[in-house]
Amino acid sequence: EKELADGKKEYEEGKKQLEDAKKEIADGKSQLADAKSQLTDGKNQLADARNQLTSSKSQLDSARNQLDAGWNQVNAAKAELLEGQDKLTKAKAEVESGFAEAEANQKTLEENAAKLEEAKKQIADGEAQLAQAKQTLNEKQTQLDQSKAELTAGQEQLDGTKAQLNEQKQQLEAGLLQVSEGETKLQEGLTALEGAKGQLAQLQSQLSAAQEQYNAALENEAISQEERDSLAAQVSELESQAAAAQSQIDENTASLEANRQQLIASRSELESGLAAVEEGFSQISQKETELNEGLSQLAEGQAQLAAGWEELKQQESTLAASKAETEAGEKELLDGQAQLEAAKAQLNSAQQEIDENTKTIAEGQAKLDASVSELSANEQQYASGLAQYKSGQQQIAENEAKLVSGEKEITENEKKLTDGEKVGVSTDENGNMHPVKSCIGIFIVTKKECVERIKDCAFCIGNKGGCAVCRGKTV
């Protein structure tokens, strides 16, 4: 009974809440209708404002186009003016540079004229020096020719003397060869003499033996006279042979000694002659050395003379080139002076044209400044109109935001009329309820005990604490 009483009480409270909710919904619907009406009026006003803003934007765009066209013309004129000014500046610089170059060229021409005069003087001095150098070289050539003739004569004399000495040397060497042969024969004679002396000694020994035999025979009466006479004849024969051998030896000794002395004298004389010949060759060699030194000096002098002639030739060539260059320089100087006068005339004409262009550019700059002033004033007017346009655009954006906010608020209010969050239920964009197992607005009152199936509601995934209707109580 208590539960029944509580259930009735809750039912009455729920009924009262339902009535309140109905009244709240009715009020909400009325307010929503008023809000929708105001929202519609606001949209209409906003559409009018947009049309006006579009018209203003069109006028501003037209003004902007006109301003841009004006600025383009001004910029084109300014660019043309700047280009003209730049050309004028360059032309002025070129003219000034031209005048400066003309002055420099004039100074250069004057310096070149002075250099040409100096070159002419140097060429004249060079020609005089060349003439003097030619005379000096000719004199040196004469001296060298004379020295060459003297050296040639000296060489011929030395050649003759050398031939004589060679002939004397050959004779002396032949004499020495004969002396050497004589000395060989003398040595052979001395050897033969020694042999003869040996034979003489043998004869003397035989003679002594024979004499002893003869003396013994004389004392020995047993020896016959015939044997004694035979021994005496032997002794006499041996004495004769020994005397003849001694005489021949003495004669050969004297002859060999005479030949030895003669050979010594001949060798000494021949060797002295050879020494004199060698001394002559040494003197000739010294003379030849001196002669060769003279010839070397002569060749060196001839080479120096040839180098001098070559140098003189080069100097003549250089002088001729300098002379031709000087003549060309004089012609170039005259041409340069004529070109300089023509360039000055062109520069004066260019300066006059620059003065006229300067005046024209100044007039164009004045016109350009006036156009810029006019465009600047129009630009200020355009900026003011653009600011007003942006302000209106911002105001429309704000009103649009307010309308969107109002629409959102109306939508939310409409949603509140069917709001299921009061019972813990919500829907997604597709209309699906969350949580999936949602139970709302159902109360079951029984007099008997609940069946098992209804008790399962206590385990609903919605959770008993999230149900605002049953206020956390289940059956």
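**Entry 1: Arg267**

I looked up Arg267 and found it partly exposed, at 22% relative accessibility. I kept in mind that this is a predicted model. Which side chain does Arg267 meet in a salt bridge? I found Glu271, at 3.4 Å from N to O. Glu271 is partly exposed too, because its relative accessibility is 40% and the partly exposed class runs between 20% and 50%. The two residues are four apart in helix α2, so about one helical turn separates them. I then followed the shared partners. Salt bridges join Glu183, Arg267 and Glu271 into one network.

**Entry 2: more salt bridges**

I checked the total and got twelve salt bridges. I picked out Lys134 and Glu316, whose closest N and O atoms are 2.7 Å apart. This pair links distant parts of the chain. Lys134 sits in helix α1 and Glu316 in helix α2, 182 residues apart. Lys134 is partly exposed at 34% relative accessibility. Glu316 is partly exposed as well, at 29%.

I turned to Lys162 and Glu288 next. Their side chains meet in a salt bridge at 2.4 Å, N to O. They also link distant parts of the chain, with Lys162 in helix α1, Glu288 in helix α2, and 126 residues apart. Is Glu288 buried or partly exposed? I noted 18% relative accessibility for Glu288, so it counts as buried, since the limit for buried is under 20%. Lys162, at 26%, counts as partly exposed.

My reminder: side chains of opposite charge can pair when their charged atoms come close.

**Entry 3: the cores**

How many residues does the largest nonpolar core have? I read off 33. Those with the most contacts inside this core include Leu165, Leu200, Leu238 and Leu270. Helices α1 (2-219) and α2 (225-417) each supply at least two of the core residues. Helix α2 gives the most, with 17 residues.

I zoomed in on Leu270. Leaving out residues up to four places away in sequence, Leu270 touches Leu172, Gly175, Leu176 and Val179. Apart from the largest core lies another, of 23 residues. Leu53, Leu81, Leu109 and Leu340 are among them.

**Entry 4: a pocket**

I looked up the second largest pocket and found about 240 Å³ of space in it. The lining has 13 residues. Which of them are closest to the centre? I listed Asn112, Leu116, Glu325, Gly329 and Glu332. Both α1 and α2 supply at least two lining residues, and α2 gives the most, with eight. By class, I noted four nonpolar, six polar and three charged residues.

Key. Residues numbered from 1 in each chain as written. Predicted model: local features only at pLDDT ≥ 70, side-chain atom pairs only at ≥ 80, totals over all residues. Heavy atoms only, no water. Core = buried A, V, L, I, M, F, W, Y, C linked by side-chain atoms within 4.5 Å. Buried < 20%, exposed > 50% of the residue type's maximum accessible area, 1.4 Å probe, protein only. Contact = heavy atoms within 4.5 Å. 1 Å grid on protein atoms, 1.4 Å probe; cavity = no way out; pocket = protein on both sides within 12 Å on 5 of 7 lines; lining within 4 Å. Points joined across faces, edges and corners; volume = space filled by probe spheres on them. Nonpolar A, V, L, I, M, F, W, Y, C, P; charged D, E, K, R; others polar. Salt bridge = Lys/Arg side-chain N within 4 Å of Asp/Glu carboxyl O.
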